Amino acid sequence: MIDEKKLIEEIKYLLFNSEILSPRWFAINEVFEIIKRQPKVGKWIPCNKKLPGPYDTVIITAKMPNDKESLVYMGSINAIREWHILGIANPNDYNVTAWQPLPEPWGGEEK
């Protein structure tokens with residue numbers, strides 16, 4: 001997910017600390033590149049590309065070897081890369097293929 005505070009800090013840095021001879025458009029173009037590199041909300045991250053931090057609870061897709069479809073679970077990975085899948089007694093029987101961070105919890109009425 002995009003870290004808004006980090007993004008704003010980097011935008012301010014690029015806009016106000018660019019070299020005097022560099023046009024402002026260069027800084028704005030760099031901002032777009034920063035945004036492109038940020039993980040996007042709701043996008044699955046393949047486990048063969050990146051794993052979540054140890055003990056971070058995330059949403060995962062997993063299935064047993066003979067299943068045709070993956071299901072969505074909550075889970076976490078430990079320091080030795082073993083998955084714990086909420087509600088599953090034998091998580092080692094499952095193949096976890098992708099994950100994404102949990103969404104922010106609902107904070108009440110929209111303002």
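User: Let's start with strand pairing. In β3, which residue is the bridge partner of A62?

Analyst: The partner of A62 is L71 in β3. Bear in mind that we're reading a predicted model. A single bridge is just one rung, so to call two strands paired you need at least two bridges between them. Here β2 and β3 are joined by five bridges and pair in the antiparallel sense. Other rungs on that ladder include T61 opposite V72, and I59 opposite M74.

User: And how many bridges join β2 to β5?

Analyst: Six, again with the strands running antiparallel; β5 covers residues 95-101. One pair to click on is K63, which faces N95 in β5.

User: Next, β3 and β4. How many bridges hold that pair?

Analyst: Three, in the antiparallel sense. S76 has H84 of β4 as its bridge partner.

User: How do I put the ladders together? What is the strand order in the sheet?

Analyst: List who pairs with whom and read across. You get β1-β5-β2-β3-β4, an open sheet of five strands with antiparallel pairing. The edges are β1 and β4, since each of them pairs on one side only.

User: Where does the sheet sit along the chain, and what pattern does the chain follow?

Analyst: The pattern is α-α-β-β-β-β-β, which makes two helices and five strands. Contacts give another view of the fold: take those with a separation of 6 or more, and 53% of them link residues 24 or more positions apart.

User: Now burial. Is β2 mostly covered or mostly open?

Analyst: Mostly covered. Five of the six residues in β2 are buried. Compare that with the protein chain as a whole, where buried residues make up 25% of the 111. The chain exposes about 8,900 Å², and 56% of that comes from carbon and sulfur atoms.

User: Which residues make up the largest nonpolar core?

Analyst: To read a core, follow buried nonpolar residues whose side chains touch one another. The largest set has twelve members: I45, C47, V58, I60, A62, Y73, I77, W83, I85, I88, V96 and W99. At least two of them come from each of β2, β3, β4 and β5. The largest share, three residues, belongs to β2.

User: Is there a second core, and what does it include? I'd like to know which residues to look at.

Analyst: A separate core of five residues includes L7, L14, V31 and I34. Take L7, which sits in helix α1 (residues 4-17). L7 counts as buried because its relative accessible area is 14%, and the cut-off is under 20%. As for long-range geometry, L7 and I35 are 28 residues apart in sequence, yet their C-alpha atoms are 7.5 Å apart in space.

User: Back to the twelve-residue core: which residues does I85 contact, leaving aside neighbours within four places in sequence?

Analyst: I85 contacts I60, A62, Y73, M74, G75, P91, Y94 and V96. Several of these will look familiar: I60, A62, Y73 and V96 are listed in the core along with I85.

User: What about the outside? Which residues make the nonpolar surface patch of about 240 Å²?

Analyst: M74, L86 and L102 make that patch. L102 is in the segment after β5 and counts as partly exposed because its relative accessibility is 30%.

User: Last topic, backbone angles. What sign does phi have in most residues other than glycine?

Analyst: Negative, so a positive value is worth a look. Y55 is one such case, with phi near 70 degrees. Y55 lies in the loop between β1 (45-46) and β2 (58-63).

User: Where is R81, and is its phi positive or negative?

Analyst: R81 belongs to the hairpin of β3 and β4, which has five residues between the strands, and its phi is positive, near 65 degrees. In sequence terms, that loop runs between β3 (71-77) and β4 (83-85).

User: Are Y55 and R81 buried or exposed?

Analyst: Use the other cut-off here: exposed means over 50% relative accessible area. Y55 is exposed because its value is 58%, and R81 is exposed because its value is 65%.

Conventions: Residues are numbered from 1 along each chain as its sequence is written. This is a predicted model: local features need pLDDT of at least 70, side-chain atom pairs count only at pLDDT 80 or more; totals for chains, interfaces and linings use all residues. Side-chain values use heavy atoms; hydrogens and water are left out. Helices (H or I, at least four residues) and strands (E, at least two) are DSSP runs, numbered from the N terminus. Buried means under 20% relative accessible area, exposed over 50%, partly exposed in between (1.4 Å probe, protein chains only). Patches are made of residues with over 30% relative accessible area and no salt bridge: like charges are joined within 9 Å, nonpolar side chains (Val, Leu, Ile, Met, Phe, Trp, Tyr) within 5 Å. Accessible areas come from the Shrake-Rupley method with a 1.4 Å probe; for residues, only the protein chains shown count as cover. A salt bridge is a side-chain nitrogen of Lys or Arg within 4 Å of a carboxyl oxygen of Asp or Glu. A nonpolar core is a set of buried Ala, Val, Leu, Ile, Met, Phe, Trp, Tyr and Cys residues joined through side-chain atoms within 4.5 Å. Contact means heavy atoms within 4.5 Å.
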